[in-house]
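Got your viewer open and a selection box ready? Let's walk through a few spots, one selection at a time.

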Amino acid sequence: MLRFYIQRLIYKVLCWFIPKKAWRIRLGDKFGFGDRLVSYKEVDIYVPKAVLDFMYTHAPTDINPFKHSYKTQLQPTPLQEILANKTSFASPPPNSLEDLQAKAKLAHTKVRHKGYFELDPDSSNPKSPRNPWAYIRVKNEAHTLRASLYSILPAIQRGVIGYNDCDDGSEEIILEFCTAFPSFIPVKYPYSVDIYEPQKEENKLYAYYNYVLSVIPENEWFTKIDIDHIYHSQKLYKSLYLLRKPWEVLIWNVLDFDISDNKVYVRDMKCRREYDHWVCFRSRIHFREAIAAWNGVDSRKGSFEVCLLPTIKRCILPELTNWHFPFIKDSRKIAVKNHKWLLPKEWHSPEIGTMIDPIMLDSTLIEELCKDFE
């Protein structure tokens with residue numbers, strides 16, 4: 001990091017003598033500052049040939065070629081059976097934060113599943129950006145939970161899955177998953193979380209987020225995985241090669257989808273950069289409280305969270321790597337009516353063919369993915 005501070009100081013001094021903003025931006029790019037867009041056609045040049053060769057033995061629509069081996073490791077219990085027999089799923093003994101952190105230090109030695117990461121020796125290094133932690137938080141996400149977790153496995157080796165106040169079978173699915181894949185650590189938050197009337201600090205969303213984040217070791221890479229997304233594992237793993245320096249942050253694109261009457265729809269809006277959906281280096285990062293209203297569901301102001309990423313960062317903006325299903329969750333279903341939806345073939349964007357691979361709008365592929373929803 002010292003090198004970065006020195007480079008930034010030199011860059012700022014030079015900018016004093018450069019009158020045109022365009023020239024300053026160009027100089028910043030040379031130094032490694034400023035946003036950088038990388039289209040889906042460009043990313044391959046950063047990826048080792050062995051990884052690409054293996055990926056291209058499979059069709060682009062095969063987002064998880066390892067799925068059969070995962071099913072061998074874990075025969076998922078149907079959600080209906082989980083809900084009918086909740087008492088048969090024993091909760092893990094309570095863990096102290098120190099115990100969870102000790103487990104996290106050894107998580108990279110407990111990888112039991114297959115993935116693209118096996119093809120690159122650098123990915124076995126726990127300090128490598130090709131080996132980030134999955135940072136996951138769950139509250140009643142049973143509809144998409146298992147499908148989302150399976151989708152990241154070819155690209156992600158380890159993670160923490162924090163959860164709170166779950167009564168829809170999500171906790172049982174998490175415990176089932178973490179038993180089969182022990183490099184993922186379940187973290188049950190010991191307090192209730194209330195968005196609108198929190199009684200104490202520990203009942204606020206940001207406190208819950210920081211608790212789960214504290215399990216991940218400092219000075220290692222991590223990615224914020226939202227469980228209402230299904231990830232294209234090839235694109236997810238390839239994008240990790242864009243990260244080189246600890247001051248770089250990978251910012252995911254997001255495009256909203258919904259499924260109704262067995263048809264897939266895309267939200268009629270631009271593909272957007274989600275600055276709370278990223279991969280970054282864990283160094284002095286934490287969440288703070290943000291009082292806001294989420295107009296997509298509720299106009300009331302509540303206690304939400306915002307992540308304090310380092311101000312010294314370079315944002316890398318890769319291609320669309322995921323499908324976002326924000327209104328599948330029961331608590332949000334009503335909000336789907338507040339937006340305009342189109343069939344994927346009717347949705348147009350200048351980013352299709354550059355930042356959006358057309359395969360990401362393949363209705364047949366998306367409908368197949370949705371079959372895994374609970």
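**Stop one: a buried histidine**

Select His229 to begin: with a relative accessible area of 2%, His229 is buried, because anything under 20% falls in that class. Keep in mind as you click around that this is a predicted model.

Colour by secondary structure and you'll find His229 in strand E6, which covers residues 229-231. Now show side chains. Which side chain does His229 meet in a polar contact of 2.7 Å? That partner is Asn322, so add Asn322 to your selection and draw the distance between the two side chains.

Next, bring up the neighbours. Leaving aside residues up to four places away in sequence, His229 touches Ser148, Val254, His277, Asn322, Trp323 and His324. Asn322 therefore turns up twice at this stop, as a contact and as the polar partner, around a residue that is buried at 2%.

**Stop two: a nonpolar patch**

Now switch to a surface view and select Leu9, Val13, Trp16 and Phe17. Together they form a nonpolar patch on the surface, with about 510 Å² of accessible area. Zoom in on Leu9, which sits in helix H1, residues 2-15. Buried or exposed: which is Leu9? Leu9 is exposed, with 56% relative accessibility, since the class starts over 50%.

**Stop three: a hairpin**

Back to cartoon view, and select residues 257-260 (strand E8) along with 263-267 (strand E9). The two strands run antiparallel, joined by four bridges. Look across the pair and you'll see Ser260 opposite Lys263 of E9. Two residues lie between the strands in this hairpin, and Asp261 takes a positive phi near 55°.

**Stop four: two more positive phi angles**

Some background before the next clicks: most residues other than glycine have a negative phi.

Select Asn219, which you'll find in the loop between helix H9 (205-213) and strand E5 (221-225). Asn219 is not a glycine, yet has a positive phi of about 60°. At 39% relative accessibility, Asn219 counts as partly exposed.

Last selection: Arg284, in the loop between strand E10 (272-281) and strand E11 (286-293). Here too phi is positive, near 55°, in a residue other than glycine. How does Arg284 rank for accessibility, buried or exposed? Arg284 has a relative accessible area of 58%, so it is exposed.

Notes:
Residues numbered from 1 in each chain as written. Predicted model: local features only at pLDDT ≥ 70, side-chain atom pairs only at ≥ 80, totals over all residues. Heavy atoms only, no water. Pairing = 2+ DSSP bridges. Buried < 20%, exposed > 50% of the residue type's maximum accessible area, 1.4 Å probe, protein only. Polar contact = N/O pair within 3.5 Å; in protein donor to acceptor, adjacent residues only side chain to side chain. Contact = heavy atoms within 4.5 Å. Patch = residues over 30% accessible without salt bridge, like charges linked within 9 Å, V, L, I, M, F, W, Y side chains within 5 Å. Areas by Shrake-Rupley, 256 points an atom, 1.4 Å probe, with all protein chains shown as cover. Salt bridge = Lys/Arg side-chain N within 4 Å of Asp/Glu carboxyl O.
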